[in-house]
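Please open the structure in your viewer and keep the selection tool at hand. Each stop below tells you what to select and then what is there.

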Amino acid sequence: MKALICITALALAAAAPSWAQDKMSGPSQMEAQGQSQKQGQSQAQKQDQQQIQTLAAWRYHDLYDTGWRAESLLGADVYGPGGEEIGEVENILIGPDNRITSLIVEIGGFVNLGVTTANIPWEQVEMAPGASKITIPVTEDKIEAYSLFSQDILSLREARSIRQTDEGPGTGPRLWKVSSLIDDYALLPGNRGYGYVEDVIFDQKGAIKAVLVNRDVSFGGGVYAFPYVDDAWNPGWDYYELPFAENEVAELEPFEYELMD
């Protein structure tokens, strides 16, 4: 009996340090997890802060001097190489580098063809200042070279992703129509409604430079220009995220159309 008691006592004594050690190590593990969570939260907050960009150096001068608006091109008359009117601009396709890839043009000026759609590479488009006249090298006998599914314009995967919509051909994830951005909501950080995208401004080479936002009445109304930010919007979204602090947005001057047009 005494031997059994001694053996049991010895077993408990041997186990005690291990139990005590586990009990002591418990709080330190929890503290480590808490520190890790705090670090994760700190990094997330830091990333959120990095997403807020500054407007301190933003000016409209270049937009007024060399920019042109998407709305001035959409619906514009299009002329053939002989100066004859052959159609109108239906949409503008934008590539992954945020530059114009091509124009979608509705052609209806050829005798032997009904109304059809052609995809004109941007480098083949001649545009007069202010998009006052658009000329393309399309003739009746060459129109087949400007198919929407030309390998020079779309990859096979992109061509497969094209869908027909009420607005005309839709596009896949790499190419998008400028009309899909116009009229989208504009949000400030924190998902606060600010207005809607009224227009898009390009430079002379066809790169997107800015979006024009029509402010909600709660912000006083009016149209303001903001630098285009690549990750502020994706095709398929119905909103454009303005990554600018509200106090900076409030300091912007209204955009004056007459200084551009």
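The tour goes from a pair of strands to the salt bridges and ends in the nonpolar core.

Before you begin, note that this is a predicted model, in which local features need pLDDT of at least 70 and side-chain atom pairs count only at pLDDT 80 or more, while totals for chains, interfaces and linings use all residues. Residues are numbered from 1 along each chain as its sequence is written, and side-chain values use heavy atoms, with hydrogens and water left out.

**Stop one: strand S13**

Select residues 208-215, which make up strand S13; helices (H or I, at least four residues) and strands (E, at least two) are DSSP runs, numbered from the N terminus. Of the 8 residues of S13, 7 are buried, so the strand is largely enclosed by the rest of the structure; buried means under 20% relative accessible area, exposed over 50%, and partly exposed in between, with a 1.4 Å probe and protein chains only.

Now add S12, residues 192-202, which pairs with S13 in the antiparallel sense over 7 bridges; two strands pair if DSSP finds at least two bridges between them. Look for Val200, which stands opposite Val211 in S13, and then follow the hairpin that S12 and S13 form, with 5 residues between them and with Gly206 in the turn at a positive phi of about 90°. S13 also pairs with strand S14 (residues 223-227), in the antiparallel sense over 5 bridges, and here Ala210 stands opposite Pro227.

**Stop two: Asn214**

Select Asn214 in S13, whose side chain is joined to that of Glu198 by a polar contact of 2.8 Å; such a contact is a pair of N or O atoms within 3.5 Å, where within protein one must be able to donate a hydrogen and the other to accept it, and residues adjacent in sequence count only if both atoms are side-chain atoms.

**Stop three: the salt bridges**

How many salt bridges does the structure hold? There are 2, each being a side-chain nitrogen of Lys or Arg within 4 Å of a carboxyl oxygen of Asp or Glu. Select Arg69 and Asp199, whose closest N and O atoms are 2.6 Å apart. Arg69 lies in strand S1 and Asp199 in S12, so the pair ties together parts that are 130 residues apart in sequence. Both Arg69 and Asp199 are buried.

**Stop four: the core**

Finally, select Leu103 and Phe202, which are among the residues that touch the most other members of the largest nonpolar core, a set of 61 residues; a nonpolar core consists of buried Ala, Val, Leu, Ile, Met, Phe, Trp, Tyr and Cys residues joined through side-chain atoms within 4.5 Å.
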